[in-house]
Amino acid sequence: MVDIEHIPKELKLIDEKGVRLDGRRHDELRPIRIEAGVLRRADGSAYVEWGGNKVLAAVYGPREAHPRHLQDPARALVQCRYNMAPFSVSDRKRPGPDRRSVEISKVISEAFASVVFAEQFPRTSVDIFIEVLQADAGTRCAGLTAASVALADAGVPMRDLVTSCASGKIGGVVCLDLNKDEDNFGEADCPMAIVPRTGELVLLQMDGHLTYDEFQKAMELSIAATQRIYEMQRDALRRRYSLSIDEIMKESPAAPPRETELPEMSTQIVGEPELDFDALDEDREGGA
Amino acid sequence: MEGKGPVRPIVIPGEAVGGPRLKPGPGTYSEGGRIFASQLGILSERDGLVSVIPLAGRYIPQRGDAIVGEIVDIGPSHWLVDINSPYPAPLHATEVPWHVEFGDTARFLNVGDAILGHVSSVDEIKRVSVTMNSPESRRLRGGQLLEVSPAKVPRVIGKEGSMISLVTDLTHCRIYVGQNGRIWLDGTDGDTVIAARAIRLIEERAQAFGLTESVREFLESAYRHADGRPSA
């Protein structure tokens, strides 16, 4: 069943001992790092590094849905935009939505629509933005994982976090979380997203072929992995809000800057080089 | 600095927060007889009601809320008020303390003006209307507006207004806090700067214990530093 045409003869994706090109076993994930609340202007945000993937997610809302005719008087819309940066892949990616990213946006927004309590916010929309800064296979899973943390960070009510992980088949072996080479030269890739608490499947796609048994195996691997990723997501959210007082104090100024003495300043005639404009600006910013 | 120590435990959407004998309150939902958090927040349990006090989120208007709004549009018989929520909020000409002739709305409130008002009604599809027919409602002249996360407004106000009265007493500012997360401050330049910083401090440390005390300390030290200077 191996599709030999696409595989360089000498390339073995997985050796006899069951070790993959990057040294992982069949059931191992790439290293994952999740940070919550990385953007200031968005209502919620998250950043995920997943092997070679770097993904940023931002969430706005619930906010007034535009255009107006899209508003649903019964519930909120959950809209998603998945976008890859031109520099995210080795050849420059032509910027803008394409067939692939429109599809991914659609399936991701539908995955989230099934967990968000949309009926609490009629006529609004919850907008999710996923920006892939660097791609290394499995960006939709990384994006989904990030977006789910960003949604929770934005305070959007939802039934559970959504966690996502892919598995696939390389060299005839069902493996977890394929990397770029494995994805390109392997036989199948099957991303899925689940609601960890209930085990519901909210996204399931497949590229390539798996037999029924292989598919069962792939699903088992992914579900076991999502439990681990779920813990990382929860940990990221907890870290975001559990900063100790000292850490928080580091960022907030202990006391306002010294007041510039306005009456004295005004007696200095315009053109005086000593006028301290910086101090003036500082004061104004402090008050804004 | 005092008030060091534990930060309140945080629950995450999907986390089990209560058993069968409890009732699900705001920020939670029940499924199969168990209660789960639906929002990121701090767990609270009172009188058999489990709820999650959210740490983030948009302002969703409720009837009777005091709000600080900004006029964004004018019609012949109404104004449109931005109340920092996902829903547009009209203020009808009959809902203001002045007698307004049809088409004469711009003489009373203009785009960019700030008002203190109340949410008079919210229906099931979240159509909101705002009123200024209450004694404390007014057009806010001068001063400055500050925005905080609506989820943190209860901390800014404090128990029975303890926090906000502390800030008003020590800074001698006039302060109005809207449920929608907008805060209007007025006072001398130096005082408003300090009051604004105190509010930012409350917002940043909303989940800490002993917040009132550390805010008091902050304000006192701020005034010690500013001592000897005329407060503008």
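**Sheets, helices and domains in chains A and B**

In β3 of chain A, A:Val55 serves as the bridge partner of A:Val48. This pair comes from a predicted model, and the strands around it offer a good place to begin. Strand β2(A), residues 44–50, and strand β3(A), residues 53–64, run antiparallel to each other and are joined over 7 bridges. Both belong to an open sheet of 5 strands in chain A, ordered β1-β2-β3-β5-β4, with mixed pairing. At its edges stand β1(A) (32–36) and β4(A) (77–84), each of which pairs on one side only. From one strand to the next, the twist averages 15 degrees.

Two helices of chain A pack on this sheet. Helix α1(A), residues 99–113, touches β4(A) and β5(A) (124–134), and its direction makes about 145 degrees with that of β4(A). Helix α2(A), residues 139–153, touches β1, β2, β3, β4 and β5 of chain A, with its direction at about 40 degrees to that of β3(A).

Turning to chain B, we meet another open sheet, here with 4 strands in the order β1-β6-β7-β3 and again mixed pairing. Because β1(B) (10–11) and β3(B) (23–24) stand at the edges with a single partner strand each, one side of each is left without a neighbour in the sheet. The partnership of β1(B) with β6(B), residues 41–46, is antiparallel and spans 2 bridges; within it, B:Val11 lies opposite B:Gly41.

Chain B is divided into domain 1 (10–54), domain 2 (66–140) and domain 3 (144–225). Between the C-alpha centres of domains 1 and 3 of chain B the distance is 29 Å. Helix α3(B), residues 189–204, reaches 23 Å from its first C-alpha to its last, close to the expected 22 Å. This helix is mostly covered, with 13 of its 16 residues buried.

Definitions and conventions:
Residues numbered from 1 in each chain as written. Chains lettered and ligands numbered in written order. Predicted model: local features only at pLDDT ≥ 70, side-chain atom pairs only at ≥ 80, totals over all residues. Pairing = 2+ DSSP bridges. Domains from an automatic or database assignment. Expected span 1.5 Å × (residues − 1). Buried ≥ 20, exposed ≤ 12 C-beta atoms within 10 Å, placed from the backbone. Axes fitted to C-alpha atoms, helices over the stretch in contact; angles between N-to-C directions. Contact = placed C-beta atoms within 7 Å.
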